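Welcome! Take a moment to look over the sequence and the model, and then let us walk through some of the features together.

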Amino acid sequence: PEIPIGATVLAWGGTLWDWLDPLTPIQAVAVLVARLPNLHLAFLGAGRPTDGETGKAVALQARALASKLGVKDRHVHFFEDWIPYERFGRYLRECDAGVTTHTHTLESRFAFRTRVLDYLAAELPIICTAGDVLAELVERERLGVVVPERDVSALASAMERVVLDKEFTD
């Protein structure tokens with residue numbers, strides 16, 4: 001996807017599984033682009049690694065929502081092809097923060113999101129949903145911002161803070 005050089009890029013590392021919430025970050029970016037026109041959200045490896053399928057319900061909803069809000073391919077980008085793991089770190093190092101959001105389910109409480117570990121390895125600030133062990137780590141160690149589930153306003157504020165408050169993210 002075409003992301004301008006020098007853009008502020010928030011990474012969503014990995015597939016769009018149905019138990020995750022890519023819709024709230026898309027809405028938050030749509031809210032922010034008037035104030036932050038250089039902001040971009042990149043869904044890295046939006047297709048599944050085993051078969052490249054992108055037809056899961058939430059993946060289809062994410063693309064439709066980004067189109068409806070007028071941000072698809074302008075501020076929200078879907079990398080359809082899976083990025084080989086040996087190159088994934090290079091992609092993340094070009095980004096300004098990592099994002100992962102989910103709804104509260106039993107799975108989400110006990111899941112150990114490796115995408116968060118990838119963000120840590122790339123030394124990215126993390127923006128994530130509360131309610132799991134990694135969110136507790138992010139909050140405790142001040143590694144980013146933790147927000148309530150499906151709260152567009154809180155997520156937009158977290159994105160704005162991470163983008164604009166360099167003292168916070170350094």
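A residue is called buried when its relative accessible area is under 20%, exposed when that area is over 50%, and partly exposed in between. This helps in reading what follows, and please keep in mind that the model is predicted.

**Aromatic rings**

A pair of aromatic rings is described by the distance of the centres and the angle of the planes. The structure holds 5 aromatic pairs. In one of them, Trp 17 and Trp 19 have ring centres 5.3 Å apart and planes at 0 degrees, so these two rings are stacked. Are these two residues buried, exposed or partly exposed? Trp 17 has a relative accessibility of 27% and therefore counts as partly exposed. Trp 19, at 36%, is partly exposed as well.

Another pair joins Phe 79 and Tyr 91: the ring centres are 6.0 Å apart and the planes stand at 85 degrees, so the pair is edge-to-face. Phe 79 belongs to the loop between β3 (76–78) and α3 (85–93), while Tyr 91 belongs to helix α3, so the pair ties together parts that are 12 residues apart in sequence. Phe 79 is buried, because its relative accessibility is 15%. Tyr 91 comes out at 31% and so counts as partly exposed.

Ring pairs also link Trp 12, Phe 43 and Phe 78 into a cluster. Phe 78 has a charged partner too: the charged end of Arg 63 sits over the ring of Phe 78, at 4.8 Å from the ring centre. A like arrangement is found for Arg 161, whose charged end sits over the ring of Phe 168, 3.7 Å from its centre.

**A pocket**

Rolling a probe the size of a water molecule over the atoms shows where empty space is left. The second largest pocket has a volume of about 240 Å³. Both members of the edge-to-face pair, Phe 79 and Tyr 91, help to line this pocket. The lining also includes Ile 3, Pro 4, Ile 5, Gly 6, Ala 7 and Val 9, along with Ala 42, Leu 44, Glu 94 and Cys 95. What is the make-up of this lining by class? The second largest pocket is lined by 10 nonpolar residues, 1 polar residue and 1 charged residue.

**The nonpolar core**

The largest nonpolar core has 34 residues. Which of them touch the most other members? They are Leu 16, Ile 26, Phe 43, Val 76, Phe 78 and Met 159. Two of these names, Phe 43 and Phe 78, have already appeared in the ring cluster with Trp 12.

Several elements give two or more residues to this core: the strands β1 (8–13), β2 (39–44), β3, β4 (97–100) and β6 (144–147), and the helices α1 (23–32), α2 (57–68) and α7 (152–164). The largest share comes from α7, with 6 residues.

**Two backbone angles to look at**

Most residues other than glycine have a negative phi, and most peptide bonds are trans. Glu 123 has a positive phi, near 60 degrees, and is not a glycine. You will find Glu 123 in the loop between α5 (114–121) and β5 (126–129). With a relative accessible area of 71%, Glu 123 is exposed. Arg 150 is also a residue other than glycine with a positive phi, here about 55 degrees. Its place is the loop between β6 and α7. The relative accessible area of Arg 150 is 58%, so this residue is exposed.

**Distances along the chain and in space**

The table sets separation along the chain beside C-alpha distance.

| Residue pair | Apart in sequence | C-alpha to C-alpha |
|---|---|---|
| Leu 106 and Asp 132 | 26 residues | 9.9 Å |
| Leu 36 and Ile 127 | 91 residues | 17 Å |
| Leu 117 and Leu 44 | 73 residues | 15 Å |

Where do the leucines that begin these rows lie? Leu 106 is in helix α4 (residues 106–110), and with a relative accessibility of 66% this leucine counts as exposed. Leu 36 is in the loop between α1 and β2, and its relative accessible area of 12% makes it buried. Leu 117 is part of helix α5, and at 35% relative accessible area Leu 117 is partly exposed. Leu 44, the partner of Leu 117 in the table, is one of the residues that line the second largest pocket.

Notes:
Residues are numbered from 1 along each chain as its sequence is written. This is a predicted model: local features need pLDDT of at least 70, side-chain atom pairs count only at pLDDT 80 or more; totals for chains, interfaces and linings use all residues. Side-chain values use heavy atoms; hydrogens and water are left out. On a 1 Å grid over the protein atoms alone, a cavity is a set of points where a 1.4 Å probe fits but cannot get out, and a pocket is an open set with protein on both sides within 12 Å along at least five of seven lines; lining residues have an atom within 4 Å of a point. Grid points are joined across faces, edges and corners, and a volume is the space filled by probe spheres set on the points. Ala, Val, Leu, Ile, Met, Phe, Trp, Tyr, Cys and Pro count as nonpolar, Asp, Glu, Lys and Arg as charged, and the others, Gly among them, as polar. Rings of Phe, Tyr and Trp (its six-membered ring) pair if their centres lie within 6.5 Å; planes under 30 degrees apart count as stacked, over 60 as edge-to-face and the rest as tilted. Buried means under 20% relative accessible area, exposed over 50%, partly exposed in between (1.4 Å probe, protein chains only). Helices (H or I, at least four residues) and strands (E, at least two) are DSSP runs, numbered from the N terminus. A charge sits over a ring if NZ of Lys or CZ of Arg is within 6 Å of the ring centre and within 35 degrees of the ring normal. A nonpolar core is a set of buried Ala, Val, Leu, Ile, Met, Phe, Trp, Tyr and Cys residues joined through side-chain atoms within 4.5 Å.
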